[in-house]
Amino acid sequence: MIDYVRHVPEFIFVPDKRSIKVESGNSLADYLQTVLWFECGASTVIMNCPQESHKNYNLQFVDWVSSCVWSHFEDGESTVYREISRHVRVRQLFFDPPGRS
């Protein structure tokens, strides 16, 4: 995500309100802002705008897509993933998936 936004002045981050931990002093937006400023040297400002996903079709769509991708890699259920895969860019971040090492 950082590579996509580090060169823009600001962007709107829209997490689901239910994903915010009340007892936590820092949110994902705070963490991302810190990484942008201190690790990347970017001047990008994150506008954090939590929404209720049941009222936001964009969040519903992203949740659906992520569920399809997760099902493909975690459960081997690839029916829907095959249909959307040409629009999905997969990047390996940390480790090889099971059976690929």
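## Worked exercises on a predicted model

The side chains of K55 and E52 form a salt bridge, 3.6 Å from N to O. This is a predicted model, in which local features need pLDDT of at least 70 and side-chain atom pairs count only at pLDDT 80 or more, while totals for chains, interfaces and linings use all residues. Residues are numbered from 1 along each chain as its sequence is written, and side-chain values use heavy atoms, with hydrogens and water left out.

### Exercise 1: the salt bridge

Task: Find how many salt bridges the rule gives, and state how exposed K55 and E52 are.

Solution.
- Step 1. Start from the rule: a salt bridge is a side-chain nitrogen of Lys or Arg within 4 Å of a carboxyl oxygen of Asp or Glu. Side chains of opposite charge can pair when their charged atoms come close.
- Step 2. Apply the rule, and the count is one salt bridge. The K55 and E52 pair, at 3.6 Å, is a salt bridge.
- Step 3. Look up the accessibility classes: buried means under 20% relative accessible area, exposed over 50%, and partly exposed in between (1.4 Å probe, protein chains only). K55 has 63% and is exposed, whereas E52 has 29% and is partly exposed.

### Exercise 2: the overall layout

Task: Describe the order of the elements and where confidence is lowest and highest.

Solution.
- Step 1. Take helices (H or I, at least four residues) and strands (E, at least two) as DSSP runs, numbered from the N terminus. The protein has four helices and two strands, and from the N terminus on they run α-β-α-β-α-α.
- Step 2. Turn to pLDDT, the predictor's confidence in each residue, from 0 to 100. Its mean over the protein is 87, and 88% of the residues reach 70 or more. Helix α1 (residues 2-5) has the lowest confidence, with a mean of 80, and α4 the highest, at 95.
- Step 3. Add the totals: of the 101 residues, 24% are buried. About 8,300 Å² is exposed, and carbon and sulfur atoms supply 55% of that area.
- Step 4. Count contacts (heavy atoms within 4.5 Å). Among those between residues at least 6 apart in sequence, 57% join residues at least 24 apart.

### Exercise 3: around T44 and V5

Task: Work out where T44 and V5 sit, and what they touch.

Solution.
- Step 1. Place T44 in the loop between α2 and β2. T44 counts as buried because its relative accessible area is 0%.
- Step 2. Check its polar contacts, meaning a pair of N or O atoms within 3.5 Å; within protein, one must be able to donate a hydrogen and the other to accept it, and residues adjacent in sequence count only if both atoms are side-chain atoms. The T44 side chain reaches the backbone oxygen of R6 at 3.2 Å.
- Step 3. Set aside neighbours within four places in sequence; the contacts of T44 then include V5, H7, F11, L36 and W37.
- Step 4. Move to V5 in helix α1, which is buried at 11% relative accessible area. With the neighbours within four places left out, V5 touches F11, L36 and T44. The C-alpha atoms of V5 and A42 lie 9.1 Å apart, although 37 residues separate them along the chain.

### Exercise 4: the nonpolar patch

Task: Name the residues of the nonpolar surface patch and the elements that supply at least two of them.

Solution.
- Step 1. Recall how patches are built: residues with over 30% relative accessible area and no salt bridge are used, like charges being joined within 9 Å and nonpolar side chains (Val, Leu, Ile, Met, Phe, Trp, Tyr) within 5 Å.
- Step 2. List the members: I12, V14, W37, F38, V45 and M47, with about 580 Å² of accessible area together. Such areas come from the Shrake-Rupley method with a 1.4 Å probe; for residues, only the protein chains shown count as cover.
- Step 3. Assign the elements: α2 (28-39) and β2 (45-48) each give at least two residues to the patch. I12 lies in strand β1 (residues 10-13) and is exposed, at 59%.

### Exercise 5: three side-chain contacts

Task: Find the polar partners of R89, S78 and D30.

Solution.
- Step 1. R89 follows α4 (79-84) and is exposed at 56%. Its side chain makes a polar contact with the side chain of Y4 (3.0 Å).
- Step 2. S78, in the loop between α3 (57-75) and α4, is buried at 11%. The S78 side chain makes a polar contact with that of H72 (2.5 Å).
- Step 3. D30 belongs to helix α2 and is partly exposed at 36%. The side chain of D30 reaches the backbone nitrogen of S27 at 2.9 Å.
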